[in-house]
Amino acid sequence: MINLGVEVAHQACEVAGVSKDAVPSVFASALGDTAVTEYMCRRLAQPTKVLSPTRFHNSVHNAASGYWTISAGNRLPSTFVGAFLESFGVGLLEAASQSVAARGPVLFVACDIATTPPLTAVADVRQTLAAAFVLEPAAGVARHRPCLLAEIRFRTGSLRKTPLPVGLEWLGQANPMGCALTLADRLAVPEGAPSRRGSLCFAAGPCCGVDLRLGGGRGWHD
């Protein structure tokens, strides 16, 4: 999971045109690195309880964000959010809040890897997925970069989560971060095509969520 999270973080910064060493970051994951968790549980269940110091070091929930800051030479704050199946919505809200408070860009990375038994009994994650976005106040977005203009609000009460793009509905059930594709889909429009307006909603808890009211933007281009 570490390699996956670090890779999409680098890609997002390059596309957004922000300096990798000068942007705060927020990482989100439902379960953290379950491959390391499974390894540790199996080793501790053996008569000889010996663990790899390196793998034990990588078992902490914020390992991916730590390696990101090292690889990017970034000394700015990095936050890791874990809210189980609502981790994407909570992480998005945290990143947006930090961006508004700091009046600058914030990197948001969401990733989870596929689980194997017995961890599938806790969360049946069947597909590995990672996504990264840079959130920034509208006034600071570079003119030549793809972007979505959005008003972000926290809401309580009953939610109607945004369905995934046609053909990718299965991924929403296969990975807790699958809902990120609804946001990526609105961004991935050809250059010159009409921007995609409307609204998106992501769960951030049992009875609360994050609303994005889209007000246009520019599509992807090379």
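How many of the seven residues of strand 4 (residues 129–135) are buried? Six of them are, so strand 4 is largely enclosed by the rest of the structure. Welcome to this predicted model. The points below start with strand 4 and its partner, move on to helix 4 and a residue of helix 2, and finish with the salt bridges.

**Strands 3 and 4**

- Strand 4 pairs with strand 3 in the antiparallel sense, and the pairing runs over seven bridges.
- Within this pairing, Val-106 stands opposite Leu-135 of strand 4.
- Strand 3 is also home to Ala-110, a residue that counts as buried because its relative accessibility is 0%, against a cut-off of under 20%.
- Leaving aside residues up to four places away in sequence, Ala-110 touches Ala-28, Phe-88, Leu-129, Ala-130, Ala-131 and Met-177.
- Ser-87 sits 23 residues from Ala-110 along the chain, and the C-alpha atoms of the two are separated by 8.1 Å.

**Helix 4 and what covers it**

- Helix 4 spans residues 63–72, and its buried residues are Ala-63, Ala-64, Ser-65, Trp-68, Thr-69 and Ala-72.
- The cover over these buried residues includes helix 1 (2–16) as well as strand 1 (25–28), strand 2 (78–81) and strand 3 (106–112).
- Just after the helix comes Gly-73, which takes a positive phi of about 60°.

**Thr-34 in helix 2**

- Thr-34 is part of helix 2, and with a relative accessible area of 6% this residue is buried.
- What does Thr-34 touch, not counting residues up to four places away in sequence? Its contacts are Ile-113, Ala-114, Thr-115 and Leu-119.

**Salt bridges**

- How many salt bridges does a search of the whole structure find? The search finds five, and three of them are described here, beginning with one inside a helix.
- Arg-42 and Glu-38 join their side chains in a salt bridge, at 2.9 Å from N to O.
- Both of these residues belong to helix 2 (residues 34–44), where they are four residues apart, or about one turn of the helix.
- Is Glu-38 buried or exposed? Glu-38 is buried, with a relative accessible area of 19%, a value that falls under the 20% cut-off.
- Its partner Arg-42 is partly exposed, with a relative accessible area of 45%.
- Another salt bridge brings together the side chains of Glu-151 and Arg-153, at 2.6 Å from N to O.
- Here both partners count as partly exposed: Glu-151 has 36% relative accessibility, and Arg-153 has 43%.
- Arg-155 forms a salt bridge with Asp-211, and the closest N and O atoms of this pair are 3.6 Å apart.
- Arg-155 lies in strand 5 (residues 147–156) while Asp-211 lies in strand 7 (residues 208–218), so their salt bridge ties together parts that are 56 residues apart in sequence.
- Of this pair, Arg-155 is partly exposed, with a relative accessible area of 28%, whereas Asp-211 is buried, with a relative accessible area of 17%.

Conventions: Residues numbered from 1 in each chain as written. Predicted model: local features only at pLDDT ≥ 70, side-chain atom pairs only at ≥ 80, totals over all residues. Heavy atoms only, no water. Buried < 20%, exposed > 50% of the residue type's maximum accessible area, 1.4 Å probe, protein only. Helix = DSSP H or I, 4+ residues; strand = E, 2+ residues; numbered from the N terminus. Contact = heavy atoms within 4.5 Å. Salt bridge = Lys/Arg side-chain N within 4 Å of Asp/Glu carboxyl O. Pairing = 2+ DSSP bridges.
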